[in-house]
Amino acid sequence: MTRAFSSLSDMLNHGFDTVIDVRSPAEFAEDHVPGAISLPVLDNEERARVGTIYKQESPFLARKLGAALVFRNAAAHIEGPLAHHEGGWRPLVYCWRGGQRSGSFGWMLQQIGWRAEVVEGGYKTYRRLVTKALYRDPLPHRFVQLGGYTGTAKTALLPRLAARGVQVIDLEGLARHRGSLLGDMPGGQPSQKWFETCLAQELSRLDPERPVLVEAESSKIGQILLPPSLWEGMKQAPWIEVAAPLEARAVYLDEAYDDILSDGARLKAQLAPLRYHRGHALIDQWEALIDAGERLALCRSLAADHYDPAYEKSMSAMTPRVLQRFETPKLDAAGLDALADRIADAFQTIEI
């Protein structure tokens, strides 16, 4: 039995007990339906081997070998991770395009008595629905951008605002990047497709009748591109802006960027390309501060001499409609809590 999905909302709210991705581990790692478990019926090497035989020798031989491998691996899954399920279990199974891998596994589950269904069109159906939502259709959400100089703790404000009832999406969190020259985070960034899956899931949870706050970003966060539907919504969005003294921002940056500031060699390598934009004298000064362990002085100069001019240039080019500006003398926990209270209160009556 197959299950057809005509909208992304229907697929994300499928109602099945378990979603099973039977594609290879490499395919699963790049992207998968949210909440799916990986039970490959062909691992990476087996899939490559069957594909090579199909192209270079014989489709029949490839199908015969593939069937043997699929049923062998499926049996191991049934005896192992699926053994505890009772008779009423309802799994939803998919492979790349809803073909032999998911069809074979789904058939086995059905023969046992489980109420298994297979996604019609497989992962390609899911990906087509994500693409439609994020690339072709306008989003129904109304966005507000949270702007401010680098170091004004915008990212740290988002969870505080969410706890106060404001609808937020943490784009940098989804992209696993701090959105700046020194924005790389441990573990690297997700694939573009997985970022879009996580974004689509976040959007599906939000009420389109209420505004959604996102941190002001460019169209690219590290190596991740913001999908066109989101970017168009952000470009049309009004702003609220936060401001703090340079010294408070330097203290915040010193803490927020501790991982990169603690690695002098890596830090110098990431700053080196700015010689062509900010001049040798400034970069030499930064390197001297790195060698001397003067992290606060370095953060102060990075903000004043690099990030602030870039922000001012961007603002002059965009000229966004700023609804309200919020100033705070400190960016410690107490200062951020107080700032979040003020922004959340204003958000109740904000007019977009």
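Here are four short exercises on helix packing and empty space in this predicted model.

**Exercise 1. Helices α6 and α9**

Describe how α6 and α9 pack, and work out which class of arrangement their angle falls into.

*Solution.* Let's start with the geometry. Two packed helices are described by the angle between their axes and the distance between the axes. Helix α6 covers residues 122–136 and helix α9 covers residues 192–204; their axes lie 10 Å apart and make an angle of about 70°.

Next comes the class. Angles from 65 to 115 degrees count as roughly perpendicular, and α6 and α9 are therefore roughly perpendicular to each other. The crossing of α6 past α9 is left-handed.

Now look at the side chains you can pick out on screen. From α6, the contact uses Tyr123, Tyr126, Arg127, Val130, Leu134 and Tyr135. From α9, the partners are Gln192, Lys193, Glu196, Thr197, Leu199, Ala200 and Leu203. Sorted by class, this contact holds eight nonpolar, two polar and three charged residues.

**Exercise 2. Helices α4 and α5**

Repeat the analysis for α4 and α5: which class does their angle belong to, and which hand does the crossing have?

*Solution.* Begin again with the axes. Helix α4 (residues 59–79) and helix α5 (residues 100–112) have axes 10 Å apart, at an angle of about 45°. An angle of this kind makes α4 oblique to α5. The hand of the crossing is right-handed.

Then list the contact. On the α4 side you will find Arg63, Val70, Phe71, Ala74, Ala75, His77 and Ile78. Facing them on α5 are Gln100, Arg101, Ser104, Phe105, Trp107, Met108, Leu109 and Ile112. The class count for α4 with α5 is 10 nonpolar, three polar and two charged residues.

**Exercise 3. Two pockets**

Characterise the largest pocket and the second largest pocket by volume, lining and the element that gives the most residues.

*Solution.* Take the largest pocket to begin with. Its volume is about 1,100 Å³. The lining has 47 residues, and those nearest the centre are Thr150, Gly179, Ala216, Glu217 and Ser218. Elements that each supply at least two lining residues include β6 (143–147), α7 (154–163) and α10 (228–235). The top contributor is α16, with seven residues. By class, the lining of the largest pocket splits into 21 nonpolar, 17 polar and nine charged residues.

Move on to the second largest pocket, with a volume of about 600 Å³. It is lined by 19 residues, and Leu42, Val50, Arg97, Gln100 and Arg101 are the closest to its centre. Two or more lining residues come from each of α3 (44–56), α4 and α5. The largest share, six residues, belongs to α4. The lining of the second largest pocket contains nine nonpolar, five polar and five charged residues.

You may recognise two names here: Gln100 and Arg101 lie among the residues closest to the centre of this pocket, and both also belong to the α5 side of the contact with α4.

**Exercise 4. Enclosed space**

How many cavities of 30 Å³ or more does the structure have, and which residues line the largest cavity?

*Solution.* A search of the whole structure gives one cavity of 30 Å³ or more. The largest cavity holds about 60 Å³ of space. Its lining consists of Leu182, Leu253, Tyr257, Leu261, Cys299, Leu302 and Tyr307. By class, that is seven nonpolar residues, with no polar and no charged ones.

To finish, trace the lining back to the helices. Helix α16 (residues 295–318) gives the most to the cavity lining, with three residues. Helix α16 also gives the most to the lining of the largest pocket.

Technical notes:
Residues numbered from 1 in each chain as written. Predicted model: local features only at pLDDT ≥ 70, side-chain atom pairs only at ≥ 80, totals over all residues. Heavy atoms only, no water. Axes fitted to C-alpha atoms, helices over the stretch in contact; angles between N-to-C directions. Helix = DSSP H or I, 4+ residues; strand = E, 2+ residues; numbered from the N terminus. Parallel < 35°, antiparallel > 145°, perpendicular 65-115°, else oblique. Left-handed = near helix turned anticlockwise from the far one by under 90°. Contact = heavy atoms within 4.5 Å. Nonpolar A, V, L, I, M, F, W, Y, C, P; charged D, E, K, R; others polar. 1 Å grid on protein atoms, 1.4 Å probe; cavity = no way out; pocket = protein on both sides within 12 Å on 5 of 7 lines; lining within 4 Å. Points joined across faces, edges and corners; volume = space filled by probe spheres on them.
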